[in-house]
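Hi everyone, thanks for making the time. I'd like to walk you through one protein model today, so please have a look at the sequence and the structure first.

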Amino acid sequence: MKLFKLYQGLYSGWRRIILAILLTSVAVGAGYAFLPANRDLGIATGDLPFYSLPFGKNPFAPGELKTPDGKLVNWRGVPSARDCGACHRQEFMEWNTSLHAISDLDLIYDAAVTRNAGSSHAAGEIGDQKGRWCESCHNPLGTLTGAVNPIMAVQETEAIEEGVNCIVCHTATHPEPLAGNGAFTSNINGYFRHLDPGLIMAAPSRHAGDMQARKKSPHMGSSDLCGACHTEIRPTDVSGQHRLDFQATFEEWRVSEFPKKGVECQDCHMAKDPAAFIAALKKGEKPPRGVSHRFIGGNYLLTNPKLPDNLVTELRGGSPTGINRIFKRNEYMDELGTTNHQVTDLLKSAANLKVEVAPGESGKLRIGVLVSNTGAGHALPTGPLDQRHMWLEVTVTDATGKTLLHSGAFDGKTGRTAADAVMWVKHMEDDKGKLDLRHTLFDVERLVYPRKPIPAGATQKVDYTAPLPARAAGPLRIQAKLWYRIAFQEILENVKEEGLGDLSGVIVPPLLISESEILSPMPERTTIATQGKKP
């Protein structure tokens, strides 16, 4: 029996060697260019049962996605990120902990897009089709294959559920970063799929070219590619008489000093250590570009493995792809922890605070808090600013510990911030002027900024006045804290309302990203003499 197994192993080994030699000959001799069977041609919309086209012949409208021939992508041949992970394991693990990996599975997003497509006033009878505007960025493979449709016309595969996976970016061409949601051309139909690893190993340069290595495809290292989705413009096909610009992260970067310095989005957000890279930039240095596929951004909540009761798995839409096949859960949670650590470090590198005290009238203390955007290559905050916001908490206490001023307090039991908080946010209102905090973008009529975001490299000053009672004792302790929060509490209501779960006991926590504290002597009290009276 042992001899038989030895013979079987040797025979199997020789078969592998012979196959590798044959595949190598094929690859080297022809660059595997004559294998049309590995190409999956696009599908015409007329060949896809029940596919709805309320906006004309463009199958991806009202999003901005394109394919070279205008056809849908053949859903049967779209590879999963797990296929790439067989050889690129570290990149796969990094990506798996990113927000790209769950861009469509994210429970909070899923509930919000369901609300927009099904419950908003503007949805009408074609809410699902209008949803292609959202899904062009959050679910590009679903949009490209025709899965975003009122009637299921394609099979929901593992790849389609993966959001922005490897194949999405590595076959993206011709980005148009100022056009709107998903403004790039997908060449998925034009590349070879399901190649044997022997072929790839035999002709790695060909595979690198197919997968658009940055040296061969410069747009892969350009901010233009990121801008194709990090620009959000609602077209009139979705709602309204005029377009509304909801996100402008790419434009914020474009008008900053960063392009002149040659700093692209990928330099910071795909660095091996983003916070360290930014620290070097602040010193006037620019270290060599490293590559990580964690895509570090601002979402400290959906990357936090320490959330109670396995909440992070629920919020991320379930277990990650490849679990128990490529990796074990403990390895994944360790990787997720690294991603979360880098996210929080990145956010804490973005801003600086400085507290100043100025002379004021008798019985009052004048305070100035300078908030500087020192680490972001775009405005601060950025992204979907109806949800992502930051605010100041300012506290003044005297030497006895008595609080003289407390502005911007956060209630950790209710998830509400005090109404007196100075906040950087974009308010979205409907046609009746009602404020929406549930991300119902289809019904937004106007955008209102209580305080506009701070451009890259700029500083904004916020003034406060604190009362000084006669019995207050110096010195005065003045504390300023800058808080960042990924979402308002109200958006969690969508999850229960749309039947996707119940997050009523969950509080969206804020993150402290900068603080400053000074001790100030008690200002001299002045007496204003009344005219006509003796002193």
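**A walk through the model**

Let me start at one residue: T114 sits in helix α4, which covers residues 107-119. One thing to keep in mind from the outset is that this is a predicted model. Is T114 buried, partly exposed or exposed? With a relative accessible area of 30%, T114 is partly exposed. I needed the cut-offs for that one: under 20% is buried, over 50% is exposed, and partly exposed lies in between.

Now, what does T114 touch once we set aside its neighbours within four places in sequence? The answer is S119 and E498. The C-alpha atoms of T114 and G499 are 10.0 Å from each other, and those two residues are 385 apart along the chain.

There is another pair of this kind, and it involves P359, in the loop between β5 (351-358) and β6. Its partner is E524: 165 residues separate P359 and E524 in sequence, with 9.0 Å from C-alpha to C-alpha. P359 counts as exposed, because its relative accessibility is 73%.

Let me step back to the whole protein for a moment. The protein has 17 helices and 16 strands. Of its 535 residues, 51% are buried. If you take the contacts between residues at least 6 apart in sequence, 73% of them join residues at least 24 apart. For those of you who like surface areas, the protein exposes about 25900 Å², and carbon and sulfur atoms supply 55% of that.

Next, the helix packing, and here I'd like to stay with helix α16. Helix α16 spans residues 329-348, and its axis comes within 9 Å of the axis of helix α3, residues 89-96. At what angle do the two axes cross? Roughly 70°. Angles of 65 to 115 degrees count as roughly perpendicular, so α3 is roughly perpendicular to α16. The crossing of α3 past α16 is right-handed.

Who makes this contact? On the α3 side we have R89, Q90, M93 and N96, and on the α16 side E331, Y332 and E335. Sorted by class, the residues of this contact of α3 with α16 are two nonpolar, two polar and three charged.

While we are on α3, the buried residues of this helix are F92, M93, E94, W95 and N96. They pack against two helices, α2 (81-85) and α16. So M93 and N96 turn up twice in my notes: both are buried in α3, and both take part in the contact with α16.

Helix α16 has another neighbour to show you, helix α14, residues 274-282. The axes of α14 and α16 come within 8 Å and cross at roughly 25°. Since angles under 35 degrees count as roughly parallel, α14 is roughly parallel to α16. Here the contact involves P274, A275 and I278 of α14, together with Q342, D345 and L346 of α16. By class, this contact of α14 with α16 holds four nonpolar residues, one polar and one charged.

Last topic: backbone geometry. As a reminder, most residues other than glycine have a negative phi, and most peptide bonds are trans.

Which residues follow L380 and G474 across a cis peptide bond? In the first case, L380 is joined to P381, with omega about -5°. P381 is in the loop between β6 (364-373) and β7 (389-397). In the second case, G474 is joined to P475, with omega about 0°. P475 lies in the loop between β14 (459-467) and β15 (476-485).

Then there are two positive phi values in residues that are not glycine. For Q212, phi is near 55°. Q212 is in the loop between α10 (204-210) and α11 (223-227). Is Q212 buried or exposed? Its relative accessible area is 8%, so Q212 is buried.

For F295, phi is about 50°, again positive although F295 is not a glycine. You will find F295 in the loop between α14 and α15 (311-315). F295 counts as partly exposed, because its relative accessibility is 23%.

That's my tour. Thanks for listening, and I'm glad to go back to any of these places with you on the screen.

Note on methods: Residues are numbered from 1 along each chain as its sequence is written. This is a predicted model: local features need pLDDT of at least 70, side-chain atom pairs count only at pLDDT 80 or more; totals for chains, interfaces and linings use all residues. Side-chain values use heavy atoms; hydrogens and water are left out. Axes are lines fitted to C-alpha atoms, for helices over the stretch in contact, and angles run from 0 to 180 degrees between N-to-C directions. Helices (H or I, at least four residues) and strands (E, at least two) are DSSP runs, numbered from the N terminus. Angles under 35 degrees count as roughly parallel, over 145 as roughly antiparallel, 65 to 115 as roughly perpendicular and the rest as oblique. A crossing is left-handed if the near helix is turned anticlockwise from the far one by less than a right angle, and right-handed if clockwise. Contact means heavy atoms within 4.5 Å. Ala, Val, Leu, Ile, Met, Phe, Trp, Tyr, Cys and Pro count as nonpolar, Asp, Glu, Lys and Arg as charged, and the others, Gly among them, as polar. Buried means under 20% relative accessible area, exposed over 50%, partly exposed in between (1.4 Å probe, protein chains only). Accessible areas come from the Shrake-Rupley method with a 1.4 Å probe; for residues, only the protein chains shown count as cover.
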